[in-house]
Amino acid sequence: MYFTLVKIVGKGEVASKISSLLSSLGYTVSDEKSNLYIVVGEIEKALKFADRKSVGLIFVSEDGEYVIPLKGESKGVSFISSIIADLLNANLISTSKFSQQGLHSVEEFAWINALFTRNKDKIKELNRKLLERKRLYIYADGMPLVTPEEYVKIEAPCEADIVIGEGKCGEVVLKPIKMIVGLHYIEKIPTEVLLYSIKMTMKSLFINENRVDVILTSVNDNSIKQISKILNSEHKVINADTCEDMLYSYGGRILLKSTRRAYGVFSCLAGLYL
């Protein structure tokens, strides 16, 4: 799960800063259905949200000096907490067993590389194994991955703890999410500006910038053809009025809404769980 539906609880300059930043990155900030609560103020207020299921929780002190992920840290909330801490020049206080040992949980590894599994029990077993031996072995079959040092690539899938794609030996299988970047622009835009916009879109969610599977545009030009070759991505032209309309037409779960990445370029992001 990507925590991109944000509700900010609290008022004042710090809360406004966080709201503006996350909105500018493409996160949906509203009072509607949310999967991430950011509470600014007193920690007692934040703890009232701790028993809510399937949500992440971040506490930010009223003066903006401290950012503490309270729930879901090892499931990816750590990444969003670090974005907020950087914005506020605040102290990030991490409390998970993984962060204390300098490790990335299996969920964090999956987040970075746009992978998923529905077998949560096996993920729990793997996380226990990671904490015990400080290493997991993965088989990726050529997929471009960001691999923290505790994740070691091997060539024998049946000896791996994690297999990316399809597994046959009873190991944990993580499947790729089909990542779809939409670029909406009208006039001719330089290649480097479009490439920058794509990379910033992925970076805004802490996802490996080489995991772009599909690029959607409203125009067809040589710049996009070059970029699709660089990223080894499919390119599809969809005639639509907005970036989100392109994603709705193609399919997938919207992760980042349309936001301006560069002059004349709006980007958005979706994931298709196959």
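Helices (H or I, at least four residues) and strands (E, at least two) are DSSP runs, numbered from the N terminus. With that in hand, let's start the tour.

This is a predicted model, where local features need pLDDT of at least 70 and side-chain atom pairs count only at pLDDT 80 or more, while totals for chains, interfaces and linings use all residues. Residues are numbered from 1 along each chain as its sequence is written, and side-chain values use heavy atoms, with hydrogens and water left out.

**Stop 1: a loop residue**

Select Asp-241, which sits in the loop between β14 and α9. Its relative accessible area is 69%, so Asp-241 is exposed (exposed means over 50%, buried under 20%, and partly exposed in between, with a 1.4 Å probe and protein chains only). Now add Cys-158: the two are 83 residues apart in sequence, and 48 Å separates them in space, C-alpha to C-alpha.

**Stop 2: the disulfide**

Next, pick Cys-243 and Cys-268. They form a disulfide with sulfur atoms 2.1 Å apart (the cut-off is a pair of cysteine sulfur atoms within 2.5 Å). A disulfide is a covalent bond between the sulfur atoms of two cysteines. A search of the whole structure turns up one disulfide. Cys-243 is in helix α9 and Cys-268 in strand β16 (residues 265-272), so the pair ties together parts that are 25 residues apart in sequence. Look along the S-S bond: its torsion is about -90°, so this disulfide is left-handed. Cys-243 counts as buried at 1% relative accessibility, and Cys-268 counts as buried at 0%.

**Stop 3: Glu-244**

Stay in helix α9 (residues 243-250) and click on Glu-244. Which side chain of opposite charge is nearest to Glu-244? That is Lys-257, 6.4 Å away, and the buried Glu-244 has no salt bridge. Here Lys and Arg count as positive and Asp and Glu as negative; His and the chain ends are not counted. A salt bridge needs a side-chain nitrogen of Lys or Arg within 4 Å of a carboxyl oxygen of Asp or Glu. The side chain of Glu-244 does reach the backbone nitrogen of Ser-258, at 3.0 Å. Leaving aside neighbours within four places in sequence, Glu-244 is in contact (heavy atoms within 4.5 Å) with residues including Ile-254 and Cys-268.

**Stop 4: helix α8**

Move to α8 (residues 222-230) and color its buried residues: Ser-223, Ile-224, Ile-227 and Ser-228. Seen down the axis, they fall within an arc of 130°, so they line one face of the helix (the arc is that of the directions from the helix axis to the C-beta atoms). On the other side of α8, Asn-222 and Lys-229 are exposed. Just after α8, find Asn-232, which takes a positive phi of about 55°.

**Stop 5: salt bridges**

How many salt bridges are there by this rule? The count comes to five. Try Lys-129 and Asp-161, whose closest N and O atoms are 3.2 Å apart. This pair links distant parts of the chain, with Lys-129 in helix α6 (residues 120-133) and Asp-161 in the loop between β9 (151-153) and β10 (162-164), 32 residues apart. Asp-161 is buried, with a relative accessible area of 10%, whereas Lys-129 is partly exposed at 31%. Add Arg-133 to your selection: Lys-129, Arg-133 and Asp-161 are linked in a network of salt bridges.

For a last look, select Glu-13 and Lys-17, which meet in a salt bridge (4.0 Å, N to O). Both lie in helix α1 (residues 13-25), four residues apart, about one turn of the helix.

How values were computed: A polar contact is a pair of N or O atoms within 3.5 Å; within protein, one must be able to donate a hydrogen and the other to accept it, and residues adjacent in sequence count only if both atoms are side-chain atoms.
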